[in-house]
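User: Could you take me through one part of this model up close? I'd like to look at the place where the ligand sits, and then at whatever else helps me get my bearings.

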Amino acid sequence: MSNQIIRKAPSLGKAANMPDYNITRRTFSWVDAKSWLSGLPDGKLNIAHEAIDRHVAAGHGGQIALRWLGKEGTRRDLNYLDLQLQTNRFANVLRNQGLCRGDRVYALMGRTPELYIAALGTLKAGCVFCPLFSAFGPEPIHSRMEIGGANALITTARLYKRKVAGLRNRLPELRTIFLTDGEAADCVTLPPLMRAAPEDFATEAMDPEDMALLHFTSGTTGKPKGVVHVHEAVVAHHMTGRFALDLKPGDIYWCTADPGWVTGTSYGIIAPLTNRVTMIVDEAEFDAGRWYDILEREGVTVWYTAPTAIRMLMKAGPEAVGARDLSALRFMASVGEPLNPEAVIWSNEVFGHPFHDNWWQTETGGIMIANYAAMDVKPGSMGKPLPGIEAGIVEVTETKVTEAKKPGTIGELALRPGWPSMMRGYLHEEARYKKCFRDGWYLSGDLAMRDDDGYFWFVGRADDLIKSAGHLIGPFEVESALIEHEAVAEAGVIGVPDETAGELVKAYVALKPGYEPTEELKLDLLGHARKRLGPAVAPKDIVFRKNLPKTRSGKIMRRLLKARELGLPEGDISTLESDEQ
Ligand code: ATP
Ligand code: MG
């Protein structure tokens, strides 16, 4: 645990959406938060209405909603009015093809404007939207479409031919496949249908509890679960966008996540649009130079990304920023994995702002614990619970769940259920869903600690915790210490069985460019870790790897490191990104 604090200037506080955390926390209510949206008559709601239509109705149709940056340098702007008309057309196309309220519409495509139009048009039509990573292979696509009972799919001709055509006879509920380009047998080509469709569409008035989104978890700990979210979730998306990301109308906001991962939908579509920002969508994959160019050229003011990307930027070094002017940047946030204190301190030096870590899960639908624009940052801490969110550290036994009130206690991170974006189920896994809720708590499966000041610190996933010679060791602590070493780009830490100690700490390390995996460096790293962590917690062994196995959402798959170490079956690897060892 780092004891450094990054203090926020009082002037910042005045400008932030939440100038004083304690006051907002005391006065906040979800009923008020709902009133920040416009809703539809008779208590009905539709996410797409809040994201687009109400802004157009209020006269903001001319503001750019989405600025798309193509891989090859093309650029396309859609203002709120364009987005309204395009999503209306898409909703009409769905209707014309016989898709009704409640039908499930999947997307399998890269980050192109059509994906965003499809997502919001689907919601307008009252259908359920389920995005998939375009890089998934046929089997992960099939299993997710089968679990969700996909009725329609929107994809490209190329992806269809390579990945979906061979699956069709195994997906009896799949009625319509829309191709955004080209043609294929038994598919409909979308562009002519879009051109022919009317520009008017009466957005479906949904019950707040109607299903809106289906998201699959990252598969870090096992087989991905299908998580159900409802239209009411928009209240939490909007509120957390405002408080945790400090989004203000007119911001130039860039969320680097793909909509195939929940972050790319909750914070790559819904929260930004409901807060009426201009969002940047980059079609290309990570590249440090390209990313810095985008930040500068587009004048990005709020940037939301993930620890893997931040570590890659660190690996590229501060010189990659060069002479670029990034002074428009006002707020930077990170999610998905623990953010090493080193990364927070580094960002503060390079950008003049720290990355603000925040914590949530596919299941929570929105950010639950965060570092805020006007609150001091303790590097390595996830921050404090959002207003309206009660988080606790609990001890879980067979018979009961008890809150550990004493600061510094490590236990399971739990939340009091009831916020609007809480999952409404794991599809077809009722028993598993029920198991998450006990004695008035939602149990997250993550271990954490709360300090004297109420800041939460991530310790590890319950599954990843290492028990060595009577010590409980969270891999994050060990990985963060290793990352402090100048040679280390990334580290993944696991426990391997040992007769005397129970488990021994073992680290897998990827090096920065210019460093060679020598015996000498290994000894140096072992020594560095021992000095930082003490002999009980420091790794006993270090193995060098070119890359660490990660999910497509960028999370280190420790269970895979472990399975490979022990020669056990690899389990579900549908979300694994190709990993060079
Ligand atoms: P699966 O549930 O399929 O194993 P997953 O848990 O990785 O996959 P997500 O819902 O995408 O799927 O990720 C949520 C998890 O990511 C959290 O439970 C936590 O373990 C981790 N996480 C997210 N944000 C943070 C953070 N700021 N610090 C530490 N861990 C985080
Ligand atoms: Mg999970």
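**A close look at ligand 1**

Analyst: Let's start with one contact: an N or O atom in the side chain of Lys 555 sits 2.8 Å from an oxygen atom of ligand 1. Keep in mind that this is a predicted model. Ser 218 also joins in through its side chain, with a polar atom 2.7 Å from an oxygen atom of the ligand. With Asn 358, it's the backbone that takes part: one of its polar backbone atoms is 2.7 Å from a nitrogen atom of ligand 1. How much of ligand 1 does the protein bury? On its own, the ligand would expose 630 Å², and the protein buries 97% of that.

Now let's widen the view to the whole shell. There are 24 residues around ligand 1, and the closest are Thr 217, Gly 219, Thr 220, Thr 221 and Thr 362. Sorted by class, the shell has 10 polar residues, 7 nonpolar ones and 7 charged ones. Two strands are worth finding on your screen: E14, running 355-359, and E23, running 456-461, each supply at least two residues of this shell. E14 gives the most, with 3 residues.

Next, have a look at Tyr 267, which you'll find in helix H11, residues 262-274. Is Tyr 267 buried or exposed? It counts as buried because its relative accessible area is 0%, and the cut-off for buried is under 20%. You can get a feel for its surroundings from the residues it touches, leaving out those up to four places away in sequence: among them are His 237, Leu 245, Tyr 253, Tyr 304, Trp 360 and Ile 367. With Ile 367 there's a polar contact too, as the side chain of Tyr 267 reaches the backbone nitrogen of Ile 367 at 2.8 Å. If you'd like a distance to check along the chain, try Ala 257: it is 10 residues from Tyr 267, and their C-alpha atoms are 8.4 Å apart.

Finally, zoom out to the whole chain. The domain assignment splits off domain 1 as residues 10-450 and domain 2 as residues 466-577. Taken over C-alpha atoms, the centres of the two domains are 30 Å apart. The domains do touch each other: 25 residues of domain 1 are in contact with 23 residues of domain 2.

Key:
Residues numbered from 1 in each chain as written. Chains lettered and ligands numbered in written order. Predicted model: local features only at pLDDT ≥ 70, side-chain atom pairs only at ≥ 80, totals over all residues. Heavy atoms only, no water. Near = heavy atom within 4 Å. Polar contact = N/O pair within 3.5 Å; in protein donor to acceptor, adjacent residues only side chain to side chain. Areas by Shrake-Rupley, 256 points an atom, 1.4 Å probe, with all protein chains shown as cover. Helix = DSSP H or I, 4+ residues; strand = E, 2+ residues; numbered from the N terminus. Nonpolar A, V, L, I, M, F, W, Y, C, P; charged D, E, K, R; others polar. Buried < 20%, exposed > 50% of the residue type's maximum accessible area, 1.4 Å probe, protein only. Contact = heavy atoms within 4.5 Å. Domains from an automatic or database assignment.
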